[in-house]
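Visitor: I have a few labels I'd like to understand. Could you walk me through them, one at a time?
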Amino acid sequence: MCDKRLCACAKKQKASVVPVFMTEDDEKVKALENAYTEYEKIDSASLLKKHLSRAIFDKLKIRATNNGSTLMDVIQSGLKNPDSHVGLYAADQQSYDIFAELFDPVIEEYHGNFTPQDVHPELDWGSSEELGDLDPDGKYVISTRIRCARSIDGYTLNPTMTMNDYQELENKVQMALKSLEGELKGTFYTLMAMDKETQQQLIDDHFLFKEGDRFLEAANSNRFWPSGRGIFFNDAKTFLVWCNEEDHLRLISMEKGGNLSSVHARLVKAVTEVGQKLKFSRHRRLGYLTFCPTNLGTTIRASVHAKLPKLSADYPRFEEIASMYNLQIRGTEGEHTESKGGVYDISNKRRLGLTEREVVLEMRNGVLELIKQEKQLEEREA
């Protein structure tokens, strides 16, 4: 039996992806050179800035994928947004191989030392029953949510998708979701046919995504909006699917309160059934492929909206405990937002190099510790 992380089994080995090479006098290469020369002068704490050295740039600037994606497609968001934390996206599935000299060190640093020799484990959801309820008394956890992302084989990623790609993929997703039964049965709504009032209400209810932020816009992720975009949700609005937002698919299980077992079981059932109808893109080493390298591997983001007023009043301590469990704290409106009413979104940070079971357990154990600390502070003041 080989180690599932450190040894790539024979069945997982595939032929190396071969880049297409451009010449130094190609206009795309010249544009890249000019952009990078300006970028060198800019201060930035991004992982892109840290790992895109002149030597790496010179090596990668003449490469392209078979779909025609260049280094510019990968780094354009980071070039335009020096305040990015990461600063690069995959323009298509091949980008992770063709531009590996840049992606690999960024992935290693972000995902907790997942090295170029490591191999992501096989799919393992574990048992929903072992997760339990994070907050049986309903005092701290407002809602619980687990989502995962999937890309569909046969389609490139956002920056290189055509209008036809978006529309065709939306139709395929809609047909796959129509066949869901029982608790998962629901309705698909295309954004092209949705009025603005309904859109805004769904956004306010945290069900519907908005057009991408400036980071995604700069990555060329918002083209042809809203064509090809859609949302599916079941009657109870506890299972949602986002179509062609940042990734081809975002599958989401959510409900009020802290019943992590229930949320997990619903997601596992949904992903399994949808996966029988649509073939997901999976890398021999990096697991399920996504547009942003922070979402690779399991692609799972397990989170709670929780109110921990006493602990969060000492924010450095709040962050210290969260980091011990590899958790991320942010506002309830999503990335790059602040807390509202003292409610925080708390989620796992690591997704790559762990099984699905390990990812969710990491979030569970961290949230339980945060609640424990909040209770201790309450007792001291009582």
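**Labels and the values behind them**

Guide: Happy to, and keep in mind that this is a predicted model. Let's start with Phe280, which sits in the loop between helix H10 (260-275) and strand S8 (282-283).

Visitor: Why is Phe280 called buried?

Guide: Its relative accessible area is 13%, and buried means under 20%. So Phe280 makes the cut as buried.

Visitor: And how far is Phe280 from Ile152, in sequence and in space?

Guide: Along the sequence they are 128 residues apart, yet their C-alpha atoms are 4.7 Å apart in space.

Visitor: What about Thr332, buried or exposed?

Guide: Thr332 has a relative accessible area of 11%. The limit for buried is under 20%, so Thr332 counts as buried. You'll find Thr332 in the loop between strand S11 (327-330) and strand S12 (343-348). Its C-alpha is 5.8 Å from that of Tyr344, twelve residues apart in sequence.

Visitor: What makes Glu381 exposed?

Guide: Exposed takes over 50%, and Glu381 has 58% relative accessibility, so exposed is the label. Glu381 belongs to helix H13 (residues 356-381). Its C-alpha and that of Glu130 are separated by 33 Å, with their positions 251 residues apart along the chain.

Visitor: Now Asn220. Why is Asn220 called partly exposed?

Guide: Asn220 comes in at 28% relative accessibility. Buried is under 20% and exposed is over 50%, with partly exposed in between, so Asn220 gets the middle label. Asn220 is in the loop between H9 and S5, and its backbone has a positive phi of about 70° although the residue is not a glycine.

Visitor: Which other asparagine has a positive phi?

Guide: Asn244, with a phi of about 60°, and again this is not a glycine. Asn244 lies between strand S6 (239-243) and strand S7 (249-256), in the loop.

Visitor: How do you know that Asn244 is buried?

Guide: The relative accessible area of Asn244 is 1%. Set that against the under 20% cut-off, and Asn244 is therefore buried.

Visitor: Where is the cis peptide bond?

Guide: Between Trp225 and Pro226, where omega is about 5°. Pro226 is in the loop between helix H9 (214-218) and strand S5 (230-234).

Visitor: How many cavities of 30 Å³ or more are there?

Guide: One. The largest cavity has a volume of about 30 Å³. Lining it are Lys210, Gly212, Leu216, Ser221, Asn222, Trp225 and Glu245.

Visitor: What makes the lining of the largest cavity divide as it does into nonpolar, polar and charged?

Guide: Leu and Trp count as nonpolar, Lys and Glu as charged, and the others, Gly among them, as polar. So the lining divides into two nonpolar, three polar and two charged residues.

Visitor: Last one: how do helices H1 and H4 pack?

Guide: Helix H1 (residues 27-39) and helix H4 (residues 71-80) pack at an angle of about 30°, and their axes are 11 Å apart. Angles under 35 degrees count as roughly parallel, so H1 is roughly parallel to H4.

Visitor: What is the handedness of the crossing of H1 and H4?

Guide: Left-handed.

Technical notes: Residues are numbered from 1 along each chain as its sequence is written. This is a predicted model: local features need pLDDT of at least 70, side-chain atom pairs count only at pLDDT 80 or more; totals for chains, interfaces and linings use all residues. Side-chain values use heavy atoms; hydrogens and water are left out. Helices (H or I, at least four residues) and strands (E, at least two) are DSSP runs, numbered from the N terminus. Buried means under 20% relative accessible area, exposed over 50%, partly exposed in between (1.4 Å probe, protein chains only). On a 1 Å grid over the protein atoms alone, a cavity is a set of points where a 1.4 Å probe fits but cannot get out, and a pocket is an open set with protein on both sides within 12 Å along at least five of seven lines; lining residues have an atom within 4 Å of a point. Grid points are joined across faces, edges and corners, and a volume is the space filled by probe spheres set on the points. Axes are lines fitted to C-alpha atoms, for helices over the stretch in contact, and angles run from 0 to 180 degrees between N-to-C directions. Angles under 35 degrees count as roughly parallel, over 145 as roughly antiparallel, 65 to 115 as roughly perpendicular and the rest as oblique. A crossing is left-handed if the near helix is turned anticlockwise from the far one by less than a right angle, and right-handed if clockwise.
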